[in-house]
Amino acid sequence: MLNADTQHSTFNIQHLPGGHMSLISPLALLGAAIVGPIIVAMYLLKLRREERPVSSTFLWRKMVRDVEANAPWQKLRRSLLLLLQLLLMLLLVLALARPFFQTQGISGRNLIIILDHSASMGAADEPTSRLEAAKAKATQLIDQLPDGGRATIIAAGGTMQVPAASTSDRRELRQAIGDIQLDNGGGSDLGQPLTLASALAAREEDSEVAIISDGNVSIPGDIRVPARVSYFPIGRDTENVAVSAISLQPGQNSQTLFVQVTNYGASAAARRLDIYLDGAIFNAYNLSLEPDAARGQSIVAEIPPQVRVVEARLDGADALAADDRAYAVSTLGDALNVRLISPGNRFLETGLALLPGIQVTKAISGTSTFTETATQIPVTIIDGRAPATLPPGNLLFIGPISSTDYFSVTGEIAFPSLRPIGGDDPILRNVSLSEVSVLKAARIVPGSWARVLVDSDGAPLLAVGERDGRRVAVLAFDLHNSDLPLQVAFPLLLSNLMSYLAPGSGAEASQLLPGQPLALQVDASVTEVRVTRPDGTLSSSRDGGVQIREGQAIYVDTDPLGVYTLEELRDGAVVASHRYAVNLFSPRESTIAAQRDLTVPQTSGAQSTISREREGRQELWRWLALAALVILVVEWLVYQRNGLAYLRQRWRQRRAAAR
């Protein structure tokens, strides 16, 4: 049946399981009715003479002159050449008719594929992994592109990558898809990929966005995609148990190990947790885990002070292996020196004393001479009035009463309300400021170096940033003018600020998320910094793998999970060694149950992204054209069989003569 409402006429010729086959150009079938009879007629009209050796042509001259002996219409005989030529004609006509199957897929000419390569796509509930299944689906969508269609590949989850942009080269697109690797860090935020896809789709009509993922992603609600969005879910398993937290807190004569295991599946699970100390088995715990992602089962144990690395390992296997192991490294003996310039603040002194690994050096207000280097005392807390000459290292200002080189104080704010605007900034992690009351605060105007984490009606109350090679944080109110020291938020905020101002120091800083840069303050006398990765490979500041900038050693390639060792060298000799543990610890990635649909706002008003079978089109003309080429080669070989046989015989004769 012809469909006149579409750009190309289609013809439904056969119903098949799961779909049907149609023709884009059904009129091309008329070619068979025209060309077929011509080929047959040529065989009916063809003069058929048989070659026979004769002693003389004298008796044949009359027959040669006899026209009746050359009658055109003769009986059609069996001919392999005729069959091959008819088959070749049928294949070419079908290829011109462009048959296709309707499949679950895409139909736009400008395709934008967002392929999720976050940690959860490493689950092994699909053949090889979810990522490999997603890459196979992306390749299938590329094969469905119409002639002249273009595609863009966006790798989402972790660091966004665009390995192929608006190209019609299918080989380049397949190569770009095949090169995508798993990314453990950064989560599965689709905000940036969808923003880019929206910009690309807005520039060209007939665009379509395809999301290939397990659906464990975050999508901003304020985005509107100016194209149809199709979602292709990947993943079948829902059960997963993970080591969701681990920490190793130093004590006076021992260390305290805390491990949490969480069941992110829908059914109860029984697993064994093995604890290894410096590679040797220490203990095993049999766990019965209820399906509750909000509440895990915890293990607390005292371990010897000399232990350097602890590994928590879940025995057995589940779909996602990346979260079945976690590591903690000892920071016992690694103290962070903090200078406190204050007229006397019991709240601040008590809060610092509660933080493990913090050693406080006190200085009275008005001190203006500092002999220690930034390496010796990397952090200074200035409570109240700042000295005329600021000390070296990173700075935390609390309740400033006068301007400095980093900000201006222009007055006071009475009863300011605290409005956190830092989003998921690590400094505000687990910090609740909703019930904190402030009597008054300084009205500060920070420079362009700062980003505001807590705002109020009149001025920022907490700002952080970097300038002149140092990290700076400003808390605009005096602790005595608020009830913050009485809230649970105070020690948490103080701990997070110390982790920000002294990266690479303390138990908290020794735990990194995948992709989080490893940073450490190093002395100017250090000539080389070397990092040993979990797989044993080395990166050094000499080969550019480790960057040293403004007194800090920075290493960014922390996507692999495991323990990293950073060594400081002076003239080839190791003078200091530090360990860091990189663990997954992501509830969104550990929750592997695939979502059947996503809610993606589109300018058309649509919200759902369910891909229906009729949306895709798998054309077959390329395969038909290839089959026609094969038949053409076979037909030529059959037609030339006598000549080929003669050449073969001559070749054999020459070989025989050569012997």
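Two strands pair if DSSP finds at least two bridges between them, and strands themselves are DSSP runs of E with at least two residues, just as helices are runs of H or I with at least four, both numbered from the N terminus. The model is predicted, and local features need pLDDT of at least 70, while side-chain atom pairs count only at pLDDT 80 or more and totals for chains, interfaces and linings use all residues. Residues are numbered from 1 along each chain as its sequence is written, and side-chain values use heavy atoms, with hydrogens and water left out.

**Exercise 1.** Describe the order and edges of the open sheet of five strands.

*Solution.* Begin with the order, which is β6-β5-β4-β7-β8 with mixed pairing. Next, find the edge strands, β6 (161-167) and β8 (228-233), each of which pairs on one side only. Finally, look at β7 (residues 207-213), which runs parallel to β8 and is joined to it by six bridges; Ile-211 has Tyr-231 in β8 as its bridge partner.

**Exercise 2.** Determine which strands helix α5 lies across.

*Solution.* First locate helix α5 at residues 170-178, then trace its contacts (heavy atoms within 4.5 Å), which place the helix across β4, β5 and β6.

**Exercise 3.** Work out whether Glu-568 is buried or exposed, and what its nearest side chain of opposite charge is.

*Solution.* Start from strand β32 (residues 562-570), where Glu-568 is found. Glu-568 is buried (under 20% relative accessible area with a 1.4 Å probe, protein chains only). The nearest side chain of opposite charge is Arg-570, 6.4 Å away, and Glu-568 has no salt bridge (a side-chain nitrogen of Lys or Arg within 4 Å of a carboxyl oxygen of Asp or Glu).

Definitions and conventions: Buried < 20%, exposed > 50% of the residue type's maximum accessible area, 1.4 Å probe, protein only. Lys, Arg positive; Asp, Glu negative; His and termini not counted. Contact = heavy atoms within 4.5 Å. Axes fitted to C-alpha atoms, helices over the stretch in contact; angles between N-to-C directions.
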